[in-house]
Amino acid sequence: MGISVESFAADVLTLLNGRQLIVVSNREPYQIKRHNTNLTLEKTTGGLVSALDTVLQQSNGLWICWSGTQEQGCDFNDLCRLAELNRVALPYRIQAVRLSSEEIQHYYFGFANQQLWPLFHYFPFRHAFSEEDWKHYTMVNYKFARAVAENAGPEDLIWVQDYHLMRVPEYVRQFKPKANLGFFCHIPFPHYEMFRTLPTRREILQGILGSDLIGFHTPLYARYFMECAEFILAGEVKVLDDQTLNYQGRTIRVQAFPISIDFNAVNALALQSSVDEAALQIRQALQPAEFVGLGVDRLDYTKGILERLECIALFFKRFPQYRRRLVFVQVAVPSRMEVPEYQRMKQDIDEAVGRINGMFSEDGWVPIHYFYRGYPMEELVAYYKAADFALVNPLRDGMNLVAKEYCAARPDESGALILSEMTGAAYQLTESYLVNPYDHPQVVQTIYNVLNESPRERQRRMKSLREGIARDNIEAWLLQYVGAFLDALGQRD
């Protein structure tokens, strides 16, 4: 299923036609780890790095980023130089933007993750505007833009990623008016009535509109952006059609490009005998249960982990015949634990797991098995294979790749995906069992229905889901975006 990495990279390189691709993101594509006197490279997990790594290697591309690596007084650039001295070669050029601890606190933990993140995910009560955070967000975005301008040639494609860097396109264009600029938003873009509450709404829009092509995960997010630009920048923006607008004399394309996963890699892992054995061991360790449910999330209030746990409790209340027969495994990957709100959320989850297990546990059976840690993909795929269903119920999510990974890890076409309607993935994975994550009785009934669904129907749904993910994989996403990027530049010229 899908296309080879080599064929995909060749297709992208053909599109680039000798242009350098410059990727700009908050996260680094590789981490440099120090083990005593030795340095090693570890690729960062995630779809973006997976899609771009081979292309940047073969095209001599450049990745500009901030790295959280600050080890013994060394930032990422220092470690890069140490790596070269130790003959540890980076796969392509990586340049880190140096940030002070104050800038990190206000730009990253402050404005990006305590103001933009909650507002864009429809949690306005968690958002409190801070002028100091905004000042540093602007300063850091300007630093990134300056690094881009110092490295970009006139024909290079500059691709800015996500909500951390929404002002970068505007600043780069100030440095280089004819720059080739793309922007991709990896989180939901909110409706006008929500976005307009942001005090710096005009500046955020003006920053993004420095781009030639603006990408979102779904047509709905793209439409919301168009509406916000039209209403908030009235008189400055003219909407030409449902995918193009005019701003400052430039025609800008706004489109949906649903991101995906490396289907072939996950599918191949799922076919390994070692993963099969690990999945079998997981199920044996969960006996006497005959059914296994699974949740896998980064620890964040948008993921609906607490709500999911309450649904599991309600399930055992309404369907007591499944006590001892079903066990639910929840994996929560640590995230942003420097933020007090996330520390409190972890405590709430810990307490909920303890309360629910105390309420229902009996004779060696514990209803919820909770793991607060990250897993390498091979171990995660073993959990995907072991689970009869995955419950993916974010309260709001730009896409959600766990849903796609679960399906890719089911080569025998077994299993079932219960998916929140509030995810971007719901627009593509229509054969999943869709639920409203706020409607707990509906979620509970859907779990019951899945457990009692005919194997043939579950297989039909999973087969359809896997075919769609294999077709619209991470490689197809990148090809579509780069192709649209070059097309937008051609129309501009």
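These legends describe close-up views of a predicted model.

**View 1. Strand S7 and its five buried residues.**
Strand S7 covers residues 180-184 and is mostly covered. Five of its five residues are buried. In a regular strand the side chains alternate between the two faces of the sheet. Here Asn 180, Gly 182 and Phe 184 point one way. Leu 181 and Phe 183 point the other way.

**View 2. Strand S7 beside strands S6 and S8.**
Strand S6, residues 157-161, runs parallel to S7, and five bridges join them. Ile 158 has Leu 181 in S7 as its bridge partner. Between S6 and S7 the chain passes through helix H6, residues 168-175. This β-α-β crossover is right-handed. Strand S8, residues 213-216, also pairs with S7 in the parallel sense, over three bridges. In this pairing, Phe 184 has Gly 215 of S8 as its bridge partner.

**View 3. An aromatic pair in helix H18.**
The structure holds 39 aromatic pairs. One of them joins Tyr 481 and Phe 485. A pair of aromatic rings is described by the distance of the centres and the angle of the planes. For Tyr 481 and Phe 485, the centres are 6.0 Å apart and the planes meet at 75°. The pair counts as edge-to-face because its angle of 75° is over 60 degrees. Both residues lie in helix H18, residues 474-492. They are four residues apart, about one turn of the helix. Tyr 481 is buried, with a relative accessible area of 0%. Phe 485 is buried as well, at 1%.

**View 4. A cluster of aromatic residues.**
Which residues form one aromatic cluster? They are Phe 291, Phe 315, Phe 316, Phe 319, Tyr 322, Phe 360, Trp 365 and Tyr 448.

**View 5. Arginines over tyrosine rings.**
Arg 126 lies over the face of Tyr 301. Its distance from the ring centre is 4.0 Å. Arg 373 lies over the face of Tyr 375, at 3.8 Å from the ring centre.

**View 6. Cysteines without a disulfide.**
How many disulfides does a search of the whole structure find? The search finds zero. Cys 185 is in no disulfide, and the nearest cysteine sulfur, that of Cys 228, is 11 Å away. Cys 185 counts as buried because its relative accessibility is 0%, under the 20% limit. Cys 407 is in no disulfide either. For Cys 407 the nearest cysteine sulfur is that of Cys 311, 20 Å away. Cys 407 is buried too, with a relative accessible area of 0%.

**View 7. A cis peptide bond before Pro 288.**
Most residues other than glycine have a negative phi, and most peptide bonds are trans. The bond from Gln 287 to Pro 288 is cis, with omega near 20°. Pro 288 is found in the loop between helix H11 (273-285) and strand S12 (291-298).

**View 8. Positive phi at Tyr 122 and Arg 324.**
Tyr 122 has a phi near 70°, a positive value in a residue other than glycine. Its loop runs between helix H4 (101-120) and helix H5 (131-151). Is Tyr 122 buried or partly exposed? At 29% relative accessibility, Tyr 122 counts as partly exposed. Arg 324 has a positive phi, near 75°. This arginine lies in the loop between helix H12 (305-318) and strand S13 (326-333). Arg 324 is partly exposed, at 28% relative accessibility.

Key
Residues are numbered from 1 along each chain as its sequence is written. This is a predicted model: local features need pLDDT of at least 70, side-chain atom pairs count only at pLDDT 80 or more; totals for chains, interfaces and linings use all residues. Side-chain values use heavy atoms; hydrogens and water are left out. Buried means under 20% relative accessible area, exposed over 50%, partly exposed in between (1.4 Å probe, protein chains only). Helices (H or I, at least four residues) and strands (E, at least two) are DSSP runs, numbered from the N terminus. Two strands pair if DSSP finds at least two bridges between them. A crossover is right-handed if, with the strands pointing away from the viewer, the path from the first strand over the helix to the second runs clockwise. Rings of Phe, Tyr and Trp (its six-membered ring) pair if their centres lie within 6.5 Å; planes under 30 degrees apart count as stacked, over 60 as edge-to-face and the rest as tilted. A charge sits over a ring if NZ of Lys or CZ of Arg is within 6 Å of the ring centre and within 35 degrees of the ring normal. A disulfide is a pair of cysteine sulfur atoms within 2.5 Å.
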